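Subject: Structure handover and notes

Dear colleague,

I am passing on the structure below, together with some notes on what was found in it. Please read the notes with the model open beside you.

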Amino acid sequence: MENEKSFAQIMDDLVSDCEYVLGKYLPDPQNMPEGEQYTSTIAEAMRYSVMAGGKRLRPLLIGRICQMYGGRRELAEPFMAAIEMIHTYSLVHDDLPAMDDDDYRRGRKTTHIVFGEGMAVLAGDALLNYAYETAAAAFSAAKTPEETARVVRALAILMRNAGIFGMIGGQCADLEAENNQEQVTGETLEYIHSHKTACLIDSGFVIGAVLAGAPEEDIQRLHRIAHDTGVAFQIQDDILDVTGDSAELGKPVGSDEEEGKVTYVTLYGLEKASADVLALSERALEEFDSLSAGDGFLRQLILKLVSRRK
């Protein structure tokens, strides 16, 4: 029984489940449709990028919250796969020489190092496009007009949160901020954090509830929970760059300061940053406890996300 398992055991099971879903929906380079053998390399690059590991936080949230509200798994799975494809495409492009120029991610070579820059660009493009193709598969799983309407709404949330008024907008503001550090304000950082990080987390929290037909009041609460959790998550990331342990984090600390980057910590100091993480997390948990459905694991997950050490 799940209530006899530890948080870590449940998390491992859910991550494994997400891996299964991703393997099910990603194109298989060894088994391409007839006449599509010329696309096997891009399929291989897509699979290499997505299956590189990770917390699988966003698909995990979609599946778990859909279940929490009694929704059907068949509707959730395509969105679980799609959101991780979108998240991965953003990482593939972030790693490119024109962006962050990283050679390694999660302990192995980045996509552009293995497949070349051009193929990495195409792999990111392919993942974004295939994500929407995958999410649209939920229409075939819908059994009633009401479920079809839920899929339409979920797809609109997925697309907006990934677009120029969501993650892309946040990445754009972040890129421009790097070139104009002296003009970065608290308002700038709030925009970056709430869009670049929190928007895909919002998709994770909200889409499963929408697909399950959760009460509208709960859906609005989940939007607020996602915002506060996502912003707190990113502020904690800034804190860890100052106070974290390199071995535990798996990356060097102090890089933001070395690069002269304005972060929440450099702007407000460690004390206020820590206090704001606490305030945001308490507000998110208060909202979570007000939902009409509950899940002890998800409540604990919110706490761990904003208090993590890596």
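What percentage of the 310 residues of the chain count as buried? The share is 51%, and please keep in mind, here and throughout, that this is a predicted model.

Overall form

The chain is built from 16 helices and two strands, and its C-alpha atoms fill a box of roughly 55 × 50 × 35 Å when taken along the principal axes. For 310 residues, a compact globule would be expected to have a radius of gyration near 19 Å, and the chain agrees with this because its own value is 19 Å. Among the contacts in the chain with a separation of 6 or more, 74% are accounted for by residues 24 or more positions apart.

Surface and charge

The accessible surface of the chain comes to about 14700 Å², and carbon and sulfur atoms hold 51% of that area. As for charge, the chain carries 29 positive and 51 negative side chains, and the centres of these two sets lie 5 Å apart.

Cysteines

You will find zero disulfides in the structure. A disulfide is a covalent bond between the sulfur atoms of two cysteines. For Cys18, the closest cysteine sulfur is the one in Cys66, and no bond is possible because the distance of 13 Å is too far. Seen from the other side, Cys66 is in no disulfide either, since the nearest cysteine sulfur, that of Cys18, is 13 Å away. Cys18 counts as buried because its relative accessible area is 2%, and Cys66 counts as buried because its relative accessibility is 1%.

Two loop residues with positive phi

Arg56, which is found in the loop between helix H2 (40-50) and helix H3 (57-68), has a positive phi of about 55° although it is not a glycine. With a relative accessibility of 1%, Arg56 counts as buried. Asp101, which is found in the loop between helix H4 (73-94) and strand E1 (104-105), has a phi near 55°, again a positive value in a residue other than glycine. Asp101 is partly exposed, because its relative accessible area is 44%.

Helix H2 and its cover

Which residues of H2 are buried? They are Ile42, Ala43, Ala45, Met46, Tyr48, Ser49 and Val50. What covers these buried residues of H2 includes helix H1 (7-25), H4, strand E2 (108-109), helix H5 (111-115) and helix H6 (117-135), so that a reader who wishes to follow the packing around H2 may begin with these elements.

Ala131 in helix H6

Helix H6 also holds Ala131, which counts as buried because its relative accessibility is 0%. Leaving aside residues up to four places away in sequence, Ala131 touches Ala82, Met85 and Ile86. Val210 stands 79 residues from Ala131 along the chain, and the C-alpha atoms of Ala131 and Val210 are separated by 18 Å.

With kind regards

Notes. Residues numbered from 1 in each chain as written. Predicted model: local features only at pLDDT ≥ 70, side-chain atom pairs only at ≥ 80, totals over all residues. Heavy atoms only, no water. Helix = DSSP H or I, 4+ residues; strand = E, 2+ residues; numbered from the N terminus. Rg over C-alpha atoms; globule rule 2.2 N^0.38 Å. Buried < 20%, exposed > 50% of the residue type's maximum accessible area, 1.4 Å probe, protein only. Contact = heavy atoms within 4.5 Å. Areas by Shrake-Rupley, 256 points an atom, 1.4 Å probe, with all protein chains shown as cover. Lys, Arg positive; Asp, Glu negative; His and termini not counted. Charge placed at Lys NZ, Arg CZ, Asp CG, Glu CD. Disulfide = S-S within 2.5 Å.
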